[in-house]
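Biologist: Before we begin, could you take me through this model slowly and tell me what each term rests on?

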Amino acid sequence: MTGRSRSADLRYAAAVTTIVLAWGPSLASAAADGLRNPLARPPRIQLEIEYPPHQSVVNGSACGVFVAGRALLVSGETPRLDVVLVLDTSLSTAETSGVDINGNGRIGTPQLGFIGPKPDESGSDSGDSILAAEVAAARLLLRGLDPKRSRLAVLAFPGNPGAGDEIVVEPLTSDHGRVDRALRLVLGRTPSGATPMALGLEQAVRELTAAPEAPDYEKVVVFFTDGQPTLPFGPASARETVLAVIEASERAARESIRIHSFAIGPEALEGPVAVVEMAQRTGGVFTPVPRPGDLVELMSDVRFTGLSDVRLVNVSTDRRAEPFRMAADGSWIGFLEVAPGVNWITVEARASLSGHASRGIVVEWDPDLPPSATPPEYVVQRNELLEICLDRERRRREELEGEHIQHVRKELRREIERARAKARQRAAEQRKQLNLSLEPEGGP
């Protein structure tokens, strides 16, 4: 930087930083995005970069500068969330998910004999069950929600009150620590019983409609199941049993409750009408999970925001954030590669019908500064993302080292072949000089 001071550069950059907001051509898209009362006020994209501050001077980690913010499609004030997590604990959820959910280095073997890998000498591992996958997915969702803007409840069906296994494990609370403890309690249950989907869904609706200040919150149900509804009317009355789920879904729709449903494994996908209908009738999203072990990975795509795409870019380097993570409630974090001096950072978001918004800040990177202190509310998320980044870098280095080794070996082989050819040529010349015969001498 020459001719201007650091502060002048930042002021100049700030003067030309722009905010652009645009809306889709139809307000009908708001209903599709699950917004309550979509005609009350035109929907808009609310976009914020909450950290680092605009015009700040920063230093970053090996992964770059940490950036955090929020992106939402709103029709009024910033929405708050009431989320009910409904987990299936029926007998079939004891089956293995097929992956190492608990990270102990081995995969549980089939318990019921109809899905999962072939049994091996490792024995069963309940920490890798379908129920364990449900709990792990719920925990991933929980970590991405802001306690200041969200309340959660945990329900588990079928429930066995006689054994102390109530359907409502934790009522709606903004204490996410209580929610995490409730999920641990669910994980500790022994799967049993049939699949009374209507019962679980009806209780979820009651929790959301009876909650204090419920009208001020967006209301969402996240519903996991690995089967088909078998109660209250039993397998012999499949139509009536499915209709009970649909009726509960209609009640949810009348209360502006959206249901995001997950059908986990082959049995659930063999007869998915109930889980498809509960999402379709309430404006939610149905997600099929053919391989139960993929559930946790698929949860990272859950969004309550109504946005189709969010991206974080350093315009100065023309590089996108890597890694970048967006949570269900619209909060996002990422690491951006930066260059010395002023960097122009923008976040862009799109809604379903071409609505677009962008917000920008400028920061100056000074590598001689001590590492910037991360605000306490972002420390855990930043550290998790930093681990992902460093792990990717390690694997990338290993790949590059492997490629380098292969290249060195290839060059060594070429060098050896050249040396071999040269030696053979020199040997031929020496034979002539020494008058050595190439034919073997005759015998005695």
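**Sheet, helices and a disulfide**

Modeller: In this predicted model, a good place to start is strand 7, where Thr173 is the bridge partner of Leu152.

Biologist: What makes strand 6 and strand 7 a pair?

Modeller: Two strands pair if there are at least two bridges between them, and strand 6 (residues 150–157) and strand 7 are joined over three bridges in the antiparallel sense, so the requirement of at least two bridges is met.

Biologist: Which helices pack on the sheet?

Modeller: Helix 4 (residues 176–187) packs on the sheet, where it touches strand 5 (80–88), strand 6 and strand 7, with a direction at about 15° to that of strand 6. Helix 5 (residues 197–210) also packs on the sheet, touching strand 5, strand 6, strand 7, strand 8 (217–225) and strand 9 (257–264), and its direction makes about 160° with that of strand 8.

Biologist: What is the strand order of the open sheet, and why are strand 7 and strand 10 called edge strands?

Modeller: The open sheet has six strands in the order 7-6-5-8-9-10, and its pairing is mixed. Strand 7 (168–173) and strand 10 (286–289) are the edge strands, as each pairs on one side only. From one strand to the next, the twist averages 15°.

Biologist: Why are helix 3 and helix 4 called roughly antiparallel?

Modeller: The axes of helix 3 (residues 130–143) and helix 4 cross at roughly 175° and come within 9 Å. Angles over 145 degrees count as roughly antiparallel, and helix 3 and helix 4 are therefore described in that way.

Biologist: Which residues meet in that contact?

Modeller: Leu131, Ala132, Val135, Ala138, Arg139 and Leu142 of helix 3 meet residues of helix 4 including His176, Val179, Asp180, Leu183 and Arg184. The residues of this contact divide into nine nonpolar, one polar and three charged.

Biologist: How do you know that Cys63 and Cys389 form a disulfide?

Modeller: The distance from S to S is 2.0 Å, and a disulfide requires the two cysteine sulfur atoms to be within 2.5 Å, so the pair qualifies. The count by this rule comes to one disulfide.

Biologist: Where do Cys63 and Cys389 lie, and are they buried or exposed?

Modeller: Cys63 lies in the loop between strand 3 (56–58) and strand 4 (65–74) and Cys389 in helix 10 (residues 379–434), so the pair ties together parts that are 326 residues apart in sequence. Both Cys63 and Cys389 are buried, and their link, with -110° about the S-S bond, is left-handed.

Terms used. Residues are numbered from 1 along each chain as its sequence is written. This is a predicted model: local features need pLDDT of at least 70, side-chain atom pairs count only at pLDDT 80 or more; totals for chains, interfaces and linings use all residues. Side-chain values use heavy atoms; hydrogens and water are left out. Helices (H or I, at least four residues) and strands (E, at least two) are DSSP runs, numbered from the N terminus. Axes are lines fitted to C-alpha atoms, for helices over the stretch in contact, and angles run from 0 to 180 degrees between N-to-C directions. Contact means heavy atoms within 4.5 Å. Angles under 35 degrees count as roughly parallel, over 145 as roughly antiparallel, 65 to 115 as roughly perpendicular and the rest as oblique. Ala, Val, Leu, Ile, Met, Phe, Trp, Tyr, Cys and Pro count as nonpolar, Asp, Glu, Lys and Arg as charged, and the others, Gly among them, as polar. Buried means under 20% relative accessible area, exposed over 50%, partly exposed in between (1.4 Å probe, protein chains only).
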